[in-house]
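Colleague: I'd like to go through how the helices pack here and what the cavity search turned up. Can you take me through the terms as we go?

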Amino acid sequence: AAELQTVARRPAREGGFGMTAWSAADRPLPLFLGRKFDVHGHVLAPLRRTTGQNLLALGSDTAVRMLMLANSLAALRSMRSLTDCEVLLLDGLSEGQPGAGLLQVALEVLQKGGARVERAAPDAAGATIEKFAAAALQPRNPEAFRLLVLAEPEYFSALAAPSGYGAAPSGPSRALKDLLRGGPALGSHTVVTAAGLGPLSLVLHPSREAGLFNHRVVQQSNEEESMTLFSSLAATRIRAQTDHHMAAMYVDAVQGVRAAQLFKSYAASSDLFDDQSSEKLTMALDALYGEAAP
């Protein structure tokens with residue numbers, strides 16, 4: 001933790017993160033998102049142990065979005081010990097869909113590094129997330145961390161949020177909301193990724209519950225989504241500012257949209273990702289982490 005803090009506070013031009021406010025006492029969980037559009041620096045989402053420290057990723061290019069998250073998850077192996085790490089993946093993508101299998105590849109990298117990982121299909125999501133949330137909200141080891149990754153929520157009817165303002169969530173839906181609200185302070189963070197606000201609204205009310213996600217990532221977007229997420233049209237100008245098909249914008253809602261960072265997925269920097277398949281991602285991550293370097 002002390003070494004990581006030193007690197008985090010070092011200026012980007014010297015190989016650091018350029019985050020002077022980094023504190024090891026916060027026990028941040030760093031998710032590398034991609035490469036900045038400048039000479040130095042990478043975009044990093046540090047999930048700290050306080051309220052709102054969850055991440056929301058939206059974008060219509062599902063394959064690129066999944067590649068970005070897969071790279072971010074796999075990179076945890078380079079950032080800290082994984083023997084006290086537990087990851088639950090709720091992946092709604094089925095074989096043949098764009099981006100299918102990419103997050104599973106990342107979880108296998110984490111598992112080889114010592115993490116405990118589990119994947120639940122949509123039909124088993126309800127009981128699985130209730131069990132995961134119960135353990136996360138009563139942690140036995142204060143140093144351990146848990147990560148829930150919910151990909152494509154429209155496929156998880158068990159997590160459906162009640163309609164209307166008067167209905168209170170119950171069952172798996174309530175477990176998800178409890179985890180989003182109370183988990184971060186206890187070392188349990190949630191990453192939710194969807195194609196847009198429409199699919200997301202199956203499990204969350206975006207206009208009312210966006211505050212549960214201080215960390216927000218979005219690809220080129222429309223005016224409604226940009227205003228809902230950022231109270232700004234910034235997300236409608238990503239393509240015009242970057243002219244890059246793997247570009248996205250990261251905003252820490254606490255810092256505000258003025259501190260928004262544009263970046264490209266790490267997948268854009270290697271020919272290994274030219275077909276955006278799980279097989280190519282496996283090859284690339286094996287080369288990085290030494291499992292079976294080609």
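Modeller: Sure, starting with axes: these are lines fitted to C-alpha atoms, for helices over the stretch in contact, and angles run from 0 to 180 degrees between N-to-C directions. Helices (H or I, at least four residues) and strands (E, at least two) are DSSP runs, numbered from the N terminus. On that footing, the axes of α2 and α4 come within 8 Å and cross at roughly 5°. This is a predicted model, where local features need pLDDT of at least 70 and side-chain atom pairs count only at pLDDT 80 or more, while totals for chains, interfaces and linings use all residues. Residues are numbered from 1 along each chain as its sequence is written, and side-chain values use heavy atoms, with hydrogens and water left out.

Colleague: Why are α2 and α4 called roughly parallel?

Modeller: Angles under 35 degrees count as roughly parallel, over 145 as roughly antiparallel, 65 to 115 as roughly perpendicular and the rest as oblique. The α2 and α4 axes cross at roughly 5°, so this pair is roughly parallel.

Colleague: What makes the contact of α2 with α4, by class?

Modeller: Contact means heavy atoms within 4.5 Å. From α2 come Ala63, Met66, Leu67, Leu69, Ala70, Leu73 and Ala74, and from α4 Leu102, Leu103, Ala106, Leu107, Val109 and Leu110. Ala, Val, Leu, Ile, Met, Phe, Trp, Tyr, Cys and Pro count as nonpolar, Asp, Glu, Lys and Arg as charged, and the others, Gly among them, as polar. That gives 13 nonpolar, no polar and no charged residues.

Colleague: How do you know that α4 and α11 are described by the right word for their angle?

Modeller: Helix α4 (residues 102-112) and helix α11 (residues 278-289) pack at about 25°, with axes 9 Å apart, so they too are roughly parallel. In α4, Leu102, Val105, Ala106, Val109 and Lys112 meet Ser278, Leu281, Thr282, Leu285, Asp286 and Tyr289 in α11. This contact has seven nonpolar, two polar and two charged residues.

Colleague: And what about α2 with α11?

Modeller: Those axes come within 12 Å and cross at roughly 25°, so α2 and α11 are roughly parallel. Leu67, Ala70, Asn71 and Ala74 of α2 touch Leu281, Leu285 and Tyr289 of α11.

Colleague: How many cavities of 30 Å³ or more does the search find?

Modeller: Four, over the whole structure. A cavity is a set of points, on a 1 Å grid over the protein atoms alone, where a 1.4 Å probe fits but cannot get out; lining residues have an atom within 4 Å of a point. The largest holds about 60 Å³ of space.

Colleague: Which element gives the most to its lining?

Modeller: α2, with three residues. By class, the lining of the largest cavity has nine nonpolar, two polar and one charged residues.

How values were computed. On a 1 Å grid over the protein atoms alone, a cavity is a set of points where a 1.4 Å probe fits but cannot get out, and a pocket is an open set with protein on both sides within 12 Å along at least five of seven lines; lining residues have an atom within 4 Å of a point. Grid points are joined across faces, edges and corners, and a volume is the space filled by probe spheres set on the points.
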